[in-house]
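Work through the exercises below with the sequence and the model open. Each task is followed by a solution in steps.

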Amino acid sequence: MKKTITALSLVAALFTASTIPAASASPAAPELPAACAGLVTDLAGKLTKTVSSLLPLPNVGAVTPLIGDLLGLVTALQSAGCLPTPPVSVPGVPLPTKAAEYTGPVDQCLPVVLNLISSIAGLGGTVLGAASGALPDVGKLTGLLTTLLKTVSDLLSKCGLPAPPGGLPTLPGLPLPVQNS
């Protein structure tokens, strides 16, 4: 009887020792869909075209379609499961069709996604407001582009997206580091 209790104690101790490290290990970061890297590269390319179309002299005609392209890429990133989709409480608002569900850190990423959409919309409002003939204020455009590029940099780091080859574009004279975890 003493041998049985000792053997069971030993088995229980070994079982406990083997399961504790596994239980305390942090879960692996979720695997991003394969399409994310290509979409981030496309986003960086559109941002580069946007910056070069607006600075040093704004070309409103060239940048106007890029605003829609940027918003389309955000939707494509959400549909591919690379970014979370903001919750919508307004009935009748179409949600992007999802090929995959986002599994990353929603609490860190969702505010950045909302800031990105807001930054693109703000830039679009300024550009489209100037489409009536007057050139937009270059100082205001520089501020909006600075905010947009910082938001995209935050998007890469907080949402776990890969940095695009060559990094993100920078404004003339304002290097922005790409931070990716």
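**Exercise 1: Disulfides**

The chain has 2 disulfides, in a model that is predicted. Task: locate each disulfide, state its handedness, and state which parts of the chain it joins.

Solution.

Step 1. Take as the criterion a pair of cysteine sulfur atoms within 2.5 Å. C36 and C82 form one such pair, with an S to S distance of 1.9 Å. The torsion about their S-S bond is about -105 degrees, so this disulfide is left-handed. C36 belongs to helix α2, while C82 sits in the loop between α3 (60–79) and α4 (106–130), so the bond ties together parts that are 46 residues apart in sequence. C36 and C82 are both buried.

Step 2. The sulfur atoms of C109 and C159 are 1.8 Å apart and form a disulfide. Here the angle about the S-S bond is 100 degrees, and the link is right-handed. C109 is in helix α4 and C159 is in the segment after α5 (138–158), so parts 50 residues apart in sequence are tied together. C109 and C159 are buried.

Step 3. Count the bonded cysteines along the chain: the pattern is 1-2, 3-4.

**Exercise 2: The fold**

Task: give the secondary structure content of the chain and the order of its elements.

Solution.

Step 1. The chain contains 5 helices and 0 strands. Along the sequence this reads α-α-α-α-α.

Step 2. The chain has 181 residues, and 34% of them count as buried. Its accessible surface is about 10100 Å², with 66% belonging to carbon and sulfur atoms.

Step 3. Consider the contacts with a separation of 6 or more: 64% of them are between residues 24 or more positions apart.

**Exercise 3: Helix α5**

Task: describe the length of α5, its two ends and its buried residues.

Solution.

Step 1. α5 has 21 residues and spans 30 Å from first to last C-alpha, close to the 30 Å expected at 1.5 Å a residue.

Step 2. At the start of α5, a side-chain oxygen of D137 comes within 3.3 Å of the backbone nitrogen of G139. After α5 comes G160, with a positive phi near 70 degrees.

Step 3. The buried residues of α5 include L141, L145, L148, L149, V152, L155 and L156, and also the polar residues T151, S153, D154 and S157. The buried residues of α5 pack against α2, α3 and α4.

**Exercise 4: The core and T50**

Is T50 buried or exposed, and which residues does T50 contact?

Solution.

Step 1. T50 lies in helix α2 (residues 35–54). Buried means under 20% relative accessible area. T50 has a relative accessible area of 1%, so T50 is buried.

Step 2. Neighbours within four places in sequence are set aside; T50 then contacts V63, L66, L70, L123 and L145.

Step 3. Follow one of these partners, L123. With residues up to four places away in sequence not counted, L123 touches T50, L54, I67, L141, L144, L145 and L148.

Step 4. Place L123 in the wider packing. The largest nonpolar core has 40 residues, and L123 is among those with the most contacts inside it, together with L47, L83, L148, L155 and L161. Two or more residues of this core come from each of α2, α3, α4 and α5.

Key:
Residues numbered from 1 in each chain as written. Predicted model: local features only at pLDDT ≥ 70, side-chain atom pairs only at ≥ 80, totals over all residues. Heavy atoms only, no water. Helix = DSSP H or I, 4+ residues; strand = E, 2+ residues; numbered from the N terminus. Buried < 20%, exposed > 50% of the residue type's maximum accessible area, 1.4 Å probe, protein only. Contact = heavy atoms within 4.5 Å. Expected span 1.5 Å × (residues − 1). Polar contact = N/O pair within 3.5 Å; in protein donor to acceptor, adjacent residues only side chain to side chain. Areas by Shrake-Rupley, 256 points an atom, 1.4 Å probe, with all protein chains shown as cover. Core = buried A, V, L, I, M, F, W, Y, C linked by side-chain atoms within 4.5 Å.
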